[in-house]
Amino acid sequence: MLHQLKNYIKHCLKSFHLHGIHSPFVFTLEKKCLRDKTYYEQYDAIRRFRESVKNNHTILHIEDYGAGSRVFKTNERRVSDILKYNSSDRKSAEMLFRLCNYFNVSNVLELGTSIGIATHAMALSGAHITTIEGSPEVQKFAQSQFEKFNLDKVKSVCSKFDKFLSNQLGTTYDLIYIDGHHDGMATINYFNACLKLSHKDTIFILDDIYWSRDMTDAWNQLCQHANVTASIDLYDVGLLFLRKEQLQERFYIKL
């Protein structure tokens, strides 16, 4: 917690306002997407999807391949608790929808489905989503939710991330969302493995970049990666871009 608090203060001090951003690409992204105050009708669908599991007390067994939980002491968890502690909140889900909508993405890869809150939000943009979940009971529950809400453009796969990535050839994604494991070295490895699935305009989103010291170290390393030209630190998540038109630069934006 001390690590997160210290870095939140640093983030606030480093954050730019619109007039401090000299990249036209990032300036427009912040103004027209990240800070977009439009109320989209898809936000109602996001709310309904969240409410459908808010009082669901089904207990799922979690196969945790990552850094573990700071809240739960066992691997048996209620769906309602997963929503509360381990899923994208409403504002984050809305932002994921806006990003997919703003960039008009067609194909999304998500590493870490959980109960499908972020998956659902991104799917509302009309994109095809391939979402990977390593825990069989969680994947099965999320799949049932996707079917209940008629999300026919979502492909749900139960697999460890590294196994899935090692078998992918010829597919490229417009947006890759890494939201699982929460281990710094693993995150770097997933990013490098995903590069072969990317193109020059692919957006990478990394969740929980200040979750731990090693996650923050991984984020800092990836911001300096040879393929990364622009990074945007939103504190809760980080965005990485491979656009060759941009000189490598880091941006800090407080929403």
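How do strand 3 and strand 4 (residues 128-133) pair, and over how many bridges? Select both: they run in the parallel sense, joined by five bridges. Two strands count as paired here if DSSP finds at least two bridges between them. Helices (H or I, at least four residues) and strands (E, at least two) are DSSP runs, numbered from the N terminus.

Before we go on, a word on what you have open. This is a predicted model, in which local features need pLDDT of at least 70 and side-chain atom pairs count only at pLDDT 80 or more, while totals for chains, interfaces and linings use all residues. Residues are numbered from 1 along each chain as its sequence is written, and side-chain values use heavy atoms, with hydrogens and water left out.

**Stop 1: strand 3 and its neighbours**

Stay on strand 3 and 4 for a moment and click Glu 110: its bridge partner in strand 4 is Thr 131. Now add helix 6 (residues 117-123), which together with strand 3 and strand 4 makes a right-handed β-α-β unit. Right-handed means that, with the strands pointing away from you, the path from the first strand over the helix to the second runs clockwise.

Colour strand 3 (residues 107-111) by burial. Four of its five residues are buried, so the strand is mostly covered. Buried means under 20% relative accessible area, exposed over 50%, and partly exposed in between (1.4 Å probe, protein chains only).

Strand 3 also pairs with strand 6, again in the parallel sense, over four bridges. Two residue pairs to pick out are Val 108, which stands opposite Leu 175, and Leu 111, whose bridge partner is Ile 178.

**Stop 2: strand 6**

Select residues 175-178 and look at both faces of strand 6. Leu 175 and Tyr 177 are on one side, Ile 176 and Ile 178 on the other, and all are buried. Next, add strand 7 (residues 203-207), which pairs with strand 6 in the parallel sense over four bridges. Ile 176 has Phe 204 as its bridge partner there. Bring in helix 9 (residues 184-194) as well, and you have another right-handed β-α-β unit, made by strand 6, helix 9 and strand 7.

**Stop 3: the whole sheet**

Zoom out. The sheet is open, has eight strands in the order 5-4-3-6-7-9-8-10, and its pairing is mixed. At the edges are strand 5 (154-158) and strand 10 (249-252), each pairing on one side only. From one strand to the next, the twist averages 15°.

For an antiparallel example, select strand 8 (residues 230-233) and strand 9 (residues 237-241), which pair over four bridges. Ser 231 in this pair has Leu 240 of strand 9 as its bridge partner. In general, strands of a sheet pair through backbone hydrogen bonds, either parallel or antiparallel.

**Stop 4: two loops with positive phi**

Go to the loop between strand 6 and helix 9 and click His 182. Its phi is positive, about 55°, although it is not a glycine. At 17% relative accessibility, His 182 counts as buried.

Then hop to Asp 208, in the loop between strand 7 and helix 10 (213-223). Asp 208 also has a positive phi, near 55°, and is a residue other than glycine. Asp 208 is partly exposed, with a relative accessible area of 25%.

**Stop 5: two more loop residues**

Ser 88 sits in the loop between helix 4 (79-86) and helix 5 (90-102). Is it buried or exposed, at 10% relative accessibility? Ser 88 counts as buried. Leaving out residues up to four places away in sequence, Ser 88 touches Arg 50, Ala 93, Leu 96, Ile 117, Ala 118 and Tyr 177, where contact means heavy atoms within 4.5 Å.

Asn 104 is in the loop between helix 5 and strand 3 and, at 63% relative accessibility, counts as exposed. Select Ser 125 too: the two are 21 residues apart in sequence and 7.8 Å apart in space, C-alpha to C-alpha.

**Stop 6: helix 3 against helix 4**

Finish with helix 3 (residues 42-54) and helix 4, whose axes come within 8 Å and cross at roughly 130°. That makes helix 3 oblique to helix 4; angles under 35 degrees count as roughly parallel, over 145 as roughly antiparallel, 65 to 115 as roughly perpendicular and the rest as oblique. Axes are lines fitted to C-alpha atoms, for helices over the stretch in contact, and angles run from 0 to 180 degrees between N-to-C directions. Show side chains for Arg 50, Val 53 and Lys 54 of helix 3 and Val 79, Ser 80 and Leu 83 of helix 4, which make the contact.
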